[in-house]
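Visitor: I have some time at the bench today, and I'd like to go through this one with you. Could you put it up, please?

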Amino acid sequence: MKTWIAGLSLFLAGSGALAQSALRLKACGARPCASRGIAQPRSILPRQHYILQFDSYPGPETLAALARRGVRILGYVPDSALMVSAGEGADLAGLKVAWAGSLQAADKLSPSLEASGKSALLVIFHADVDMDEARRLVDADGFTIIANPDLLPGQIVVAGDGRVAELASSDDVAYILPASTDLVAGTPLMACAGPLTEAGPVGEYATVGSGWAKDAAGGVSLHYFFQSLTDKLQESVVRGEVERAFRAWEAYANVRFVAGSMANAVRTVAILFARGGHGDGFAFDGPGGVLAHTFYPAPPNAEPIAGDLHLDADENWHAGTTTDLFSVALHEAGHALGLGHSSRPGAVMYPYYRLSSALTDDDIAGIRALYGSDGMQPPAQPPVQPPVSPPSPSPPSPPPVKDTTAPSLSITSPGVTIVSTSAASIRVAGSASDNVGVASVKWTTSNGNGGTASGSTSWSADVPLYVGNTVVTVRAYDAAGNWSWRAVTVVRR
């Protein structure tokens, strides 16, 4: 039986030259990458990752045909390409593949790495990679894993003087970018898995296209419509925070958001709070993890889903704290306008972010590159005269405010975040405090062990170790269910 890539090469050799557009990868900068020849891998592995580029956008029929032939679609690559993995025997005949090849090692290295000094890295693996294999890979290349429970599946934070080029050359690795200081320090963060297309998520290695079709002035005007709301916040707060996020982008670029009248109208950002599977093929995962997702503009997405912004209704949404609706909406609105993720830590469009009050210079440069810098301010509206009505009765007393303050937690022993030892166990100790009291302190390890520490405000735990790296994560809980965490990496020789 011929291998799938050998069969692909034979098919392309006999099919004649097809129209080929350039790929849009971050490694190539603002311009699309130069056209590439057909890849001829030197060896065939049980699973390899390839880009298949088509002569037009791969619609539902192409996606279904690939699935029937045993090709797993991992994401969309602008323009008109898919990242896929497959085993032997997959047949691509008749699918109008214009180009096929793998990401090169240089394609996987963020241009921001040089400026960051490569002190800590966020390593993103392809979605079908076994993460035990991924951890062994980064260890073999000389890196130390830094624990962070806020990380999305398929991602690892590493530090140390490891071999970055060798790591990037691995077929399992999709992209490497600077890790923010918040990721390294364990600051609680909000995560975004990236913008979506009907063909799947857009990889971090890819850059965006041209956004929405422009008007005569080079800008864009979009409608927005609240299709459903969350019961975690008052309706006025939800609408106000999302609209405030839209206004933030309007202030710096030639874009405008106007309230619409229906969710499925063209050039309308439909805002939907939903649980689990909600009809778009990208189910939410419940509290924590992915907070929201947004579909890129048209193209590549078709109407009416283009630009739509979906938020997980199971999240404990707040305004101005913890899972902050404004911060999430600000980030997702960037995707709705056509921006991808930034590799610059601290930017609103960085894949991991926390409470945001304003756009950064990097975000502003990105949106102006798409739509120009002349803000489209909404027209002035005449003042609305309030209706005359009889005095209303005094409002009832508001319900008590739920405690949302997480405990304060510190690890005092060992006194560093990465420690080396030859012992079969290590004592981890520290302190915790909370405004309503610490209920418990628990620990887990990357090897699957776990337990409850002795004590609460002053706690300790004896943690067993295996040879190699063990990440010990400690969490402190209060009676209201709030929690915080800290971690230490132990290297047993």
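Guide: To begin with the whole chain, residues 24 or more positions apart account for 73% of the contacts in the protein with a separation of 6 or more, where contact means heavy atoms within 4.5 Å. This is a predicted model, in which local features need pLDDT of at least 70 and side-chain atom pairs count only at pLDDT 80 or more, while totals for chains, interfaces and linings use all residues. Residues are numbered from 1 along each chain as its sequence is written, and side-chain values use heavy atoms, with hydrogens and water left out.

Visitor: How many helices and strands are there, and what percentage of the residues is buried?

Guide: The protein has nine helices and 25 strands, taken as DSSP runs numbered from the N terminus (helices are H or I with at least four residues, strands are E with at least two). Of its 493 residues, 49% are buried, and buried means under 20% relative accessible area, exposed over 50% and partly exposed in between, with a 1.4 Å probe and protein chains only.

Visitor: Let's pick strand E12. Which strands does E12 pair with?

Guide: Strand E12, residues 220–226, is joined by five bridges to strand E13, residues 255–259, and the two run parallel; E12 also pairs in the parallel sense with strand E14, residues 268–274, over four bridges. Two strands pair if DSSP finds at least two bridges between them. On the E13 side Ser221 stands opposite Arg256, and on the E14 side Tyr224 stands opposite Val269.

Visitor: And which residues of E12 are on its covered face?

Guide: The covered face of E12 holds Val220, Leu222, Tyr224 and Phe226, whereas Ser221, His223 and Phe225 make up the uncovered one.

Visitor: What do E12, helix H7 and E13 make together?

Guide: They make a right-handed β-α-β unit, with H7 spanning residues 235–250. Right-handed here means that, with the strands pointing away from the viewer, the path from the first strand over the helix to the second runs clockwise.

Visitor: Switching to rings, how many aromatic pairs does the structure hold?

Guide: There are six aromatic pairs, counted for rings of Phe, Tyr and Trp (its six-membered ring) with centres within 6.5 Å; planes under 30 degrees apart count as stacked, over 60 as edge-to-face and the rest as tilted. One of them is Tyr224 with Phe226, which is edge-to-face at 6.1 Å centre to centre and 90 degrees between the planes, and both of these residues are buried.

Visitor: Why is the pair of Phe246 and Phe257 stacked?

Guide: The pair is stacked because the ring centres are 4.1 Å apart and the planes lie at 10 degrees. It links distant parts of the chain, since Phe246 is in helix H7 and Phe257 in strand E13, eleven residues apart. Ring pairs link Tyr224, Phe226, Phe246 and Phe257 into a cluster.

Visitor: Is Phe246 buried or exposed, and what is Phe246 in contact with?

Guide: Phe246 is buried, with a relative accessible area of 1%. Leaving aside neighbours within four places in sequence, Phe246 is in contact with Tyr224, Phe257, Ile271 and Ala333. Phe246 and Gly334 are 88 residues apart in sequence, yet 9.0 Å apart in space, C-alpha to C-alpha.
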